[in-house]
Every structure is written in C-alpha cells, then in structure tokens.
Amino acid sequence: MERCEGGVLVLTAYTALQLSADMAAPFRQEANFWYVTGIEEPDWQLIATPTKSWLVAPDISEMHRVFDGGLSDQQAKAISGVDTVITRAASNDLFASLASEYKLAYGLGRHPHQKYFSFEVNPAPGKLWRKLSKRFTEVQDARPTLGRLRAIKQPVEVAAIKGAIDLTVDAFHLVKSQLSSYTHEYQMEADFTYAFRRANAIHAYDPIVAGGANACTLHYGKNNNALAQSDLVLLDIGAQAAGYPADITRTYSVGGSPTARQCAVHAAVRDAHMQIIALLRPGLAFARYQNDVDLIMKDALRRLDLLHEETDYRRYFPHAISHGLGVDVHDSLGGFETFRPGMVLTVEPGIYIPEEGIGVRIEDDILITDSGHTNLSEALSLEL
Ligand SMILES: [Mn+2]
C-alpha cells in the first residue's frame, strides 16, 4: 500500500466461466489477486487503504453452495490474513464513503497480452474497472506496481518454485531412465502426469512432447505421434505446486544412438546454454544481456553452418531467450532494466531446422542472487 500513494487498491478474483451446458471451465485465479490474497475461489474482491483492508465475499445461493462449495468467511480470513469480510451490498456503501475520502483508486487495467487474443476471456477485472471509474475521480492501473513486487521473489516463493522444479526433475529422471521403451509421445506425457498427480501437483502449462520434426513447431502440444528410435524428442514440461511453476526443457535421443548431426546440434545448443547462464548477475542490463545472447547464438549457428544471411538468425532461433517465472509461467520481470537479486527467469536457447527434421531446446530456471545466480534446475543433466 506504500506504493499506492494515498489511493485505494481494489482487486478482484476472476469469475467462473461456462465451458458447455452446466459444466464450468477449469478455474484459474487472477494472478495478482492470488499473489495478494492466496484465495483460489471465484468472485471475491479485496479493498485496501493504507490503514485497513476488507475482503468482499461473493453472493452465493444455498443451491450453488451445495453443488460447488465455497469459502467460509473464517477460511477466507485465515488464508488471506485480511481480518474483515463484508458482503457485496456492504461493499457498495464502503465504496461510496471511500470515494469521498480518496480521489484515486487502483484497479487492474487491460493485460498487455490481451491484444494477442480476440476477446477478454474473463470479464471480472474490466467490470470492476468500470465501476471504479464511475465512483472515483481517477483510476490507475495497479499492474506496474504489482509487476515490480512480483518480479522480486520472496524466500517463500523461491522455495515453492524449487519444490515444483524438484518434482519436475524427478519425473524427467524417471522418463529418461526408460526412454527406449516409449513408442508414442503421449506415453511420456502420461508418465509426467502420473508423477505430478502422485505428488498433488499439476502441469503448470500444456506439456510439449515433440518427437523428430514436431520439435520445430514451437507450441506443438498434440503429443499423439509415434516415436522412432532414431528421433530426438523435445520435452518442455513443468509441474505447478503450491501455486508456483517449474519450466524445464530437455532434448533426448529416443533410441540412445544419435547421428553425428543430432549430436552437433545438441552440443551447439548446450554450449550456448551454459555460456548464456554464465552471463547472469545482478546489475546486468537486459539490453546488454540480449546483445551477448545474440552473439552467442549466432556463433552456435555458424558452428552448424546455418548462418549465411542475417535473416537466418531468427529463422533458426525464432523465440525469446528468457522470460520471468512466477505466479504466471511467463511472468513479468517488472519493467526493470537490469537484473536484480530475487528475480527468477528461464534460459532457453533452441535451434530448429525444419529441413533436417531436427529441433533442440534446453531450458533451465535461474535465480538471480546477490553475488551472481543459482541454476535451480541444475540437478538435471543436459546430456542427449
Ligand atoms: Mn519457458
């Protein structure tokens, strides 16, 4: 609230969405609301001033509660640490009195990624924003402030991410130990799912199990093709546990006898990966990092005789090298311009050669520390 500069902060949970007929879509909480309250149920709201906070409980009918349950006020207080729960009706009176005391309210504006989608999938933040706009003189977007807070992980968050990583590394070890027994991509996916559910975790994102040329489709997720012993298989999979994800990629040889070319592409990516991780330290400017990454990746492509024209660079390495990792798998790095202690990010170089049917990516999760960095997923071998 210190960063909300004399305003009122109002956040909302997402609302439940209809999937088909009377079936609800799987519910995923709005990330900022979860970060602040820990509440995983739909339709709650949080109102906070510099001196006091309130939770607003949803209006749930008895019939609805019989089918879907819901949090009691006591449970919501215990999870969130907010000691006052009010009804929706009472929140309208509270808004009226707060609007006379405070001119400024902070809500959640449009998500910057919304422009990539044809519609706003969850109406709750926009609905609340319009309501705040009617009541308060000024409404500002709390996303930049929350993004800066979320970018610097607290120890409890790093511990949760490490827990998800350890689960994921164990599952990779299991799958790697029986690689040649798999005949189809979905069998590998099933073993990861089994390992995660046995540990009360879920997939943090749609897992990618891409054999052979499928690895060149970056968001391949069908995972239903046959695997040949001669294939490489790209596995991009992460568990989510205690609200936080892992995001790890390895590329393996299914039959254990890779060709010289498969080995060369893998070695080029692996060497680049290690060089790029070695760059990471607090104070390093993002722009300088990107510049050094470009040099390293171009060298890797040259080694494979793939860099003849400038356009070949993005042709064979078409995605970003890194993203923040946090409540969202693709988490914000907070709008900072340099790396700071407490940031967690991925490093994920890849080289994809559709004309040769070879795609290799390697991805680890890195914590920026006071003196440099820690590779949180280094227990998992990079080898083919
Ligand atoms: Mn990633």
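# A tour beginning at a strand pair

Select Ile-351 and Val-360: Val-360, in strand E17, is the bridge partner of Ile-351. The model is predicted, and local features need pLDDT of at least 70, side-chain atom pairs count only at pLDDT 80 or more, and totals for chains, interfaces and linings use all residues. Residue numbers start from 1 along each chain as its sequence is written.

**The hairpin of E16 and E17**

Extend the selection to strand E16 (residues 350-353) and strand E17 (residues 358-361), which run antiparallel and are joined by four bridges. Strands here are DSSP runs labelled E of at least two residues, helices are runs labelled H or I of at least four residues, and both are numbered from the N terminus. Two strands are said to pair if DSSP finds at least two bridges between them. E16 and E17 form a hairpin with four residues between them, and Gly-357 in the turn has a positive phi of about 65 degrees.

Which residues surround Ile-351, leaving aside its neighbours within four places in sequence? Its contacts are Val-265, Ala-268, Val-269, Ala-300, Leu-301, Leu-304, Tyr-316, Phe-317 and Val-360. A contact requires that the C-beta atoms of two residues, placed from the backbone, lie within 7 Å.

**The nonpolar cores**

Ile-351 also leads into the largest nonpolar core, of 65 residues, where Ile-161, Ala-164, Val-233, Leu-234, Ala-239, Val-269 and Ile-351 touch the most other members. Such a core is a set of buried Ala, Val, Leu, Ile, Met, Phe, Trp, Tyr and Cys residues joined through C-beta atoms within 7 Å. A residue is buried if 20 or more other C-beta atoms lie within 10 Å of its own, exposed if 12 or fewer, and partly exposed in between, with C-beta atoms placed from the backbone. In soluble globular proteins, nonpolar side chains tend to be buried together.

Select helix H7 (residues 155-177) next; with nine residues, H7 supplies the largest share of this core. Another core, of 28 residues, lies apart from the largest one and includes Trp-44, Ala-57, Phe-95 and Tyr-106.

**Strand E15 and its partner**

Move to strand E15 (residues 344-347), which is covered on both faces: Val-344 and Thr-346 on one side, and Leu-345 and Val-347 on the other, are all buried. In a regular strand the side chains alternate between the two faces of the sheet. E15 pairs with strand E18 (residues 364-368) in the antiparallel sense over four bridges. Within this pair, Leu-345 stands opposite Ile-366 of E18.

**Ser-253 in E14**

Select Ser-253, which lies in strand E14 (residues 248-253). Is Ser-253 buried or exposed? Ser-253 is buried, because 20 other C-beta atoms lie within 10 Å. Beyond its neighbours within four places in sequence, Ser-253 is in contact with Leu-232, Pro-258, Gln-262 and Leu-384. Adding Trp-54 gives a pair 199 residues apart in sequence and 55 Å apart in space, C-alpha to C-alpha.

**Two open sheets**

Three strands form an open sheet, ordered E9-E12-E13, with antiparallel pairing. Its edges are strand E9 (202-203) and strand E13 (244-245), each of which pairs on one side only. E9 is joined to strand E12 (residues 239-241) by two bridges, and Ile-202 has Gln-240 of E12 as its bridge partner.

Another open sheet has six strands in the order E6-E5-E4-E1-E7-E8, with mixed pairing. Strand E6 (85-86) and strand E8 (138-141) are at the edges, each with a single partner strand, so one side of each is left without a neighbour in the sheet. Strand E1 (residues 8-12) pairs with strand E7 (residues 104-107) in the parallel sense over two bridges, and Val-8 stands opposite Ala-105 of E7.

**The whole chain and its domains**

Finally, colour the chain by domain: domain 1 covers 2-150 and domain 2 covers 152-375, with bounds from an automatic or database domain assignment. The domain centres, taken over C-alpha atoms, are separated by 34 Å. Eight residues from domain 1 and nine residues from domain 2 take part in the contact. On the side of domain 1 that touches domain 2, helix H1 (31-37) and helix H6 (143-151) each supply at least two residues, and H6 gives the most, with five residues.

In total, the protein chain has 11 helices and 19 strands. Its C-alpha atoms fill a box of roughly 70 × 45 × 35 Å along the principal axes. Of the 384 residues, 38% are buried.
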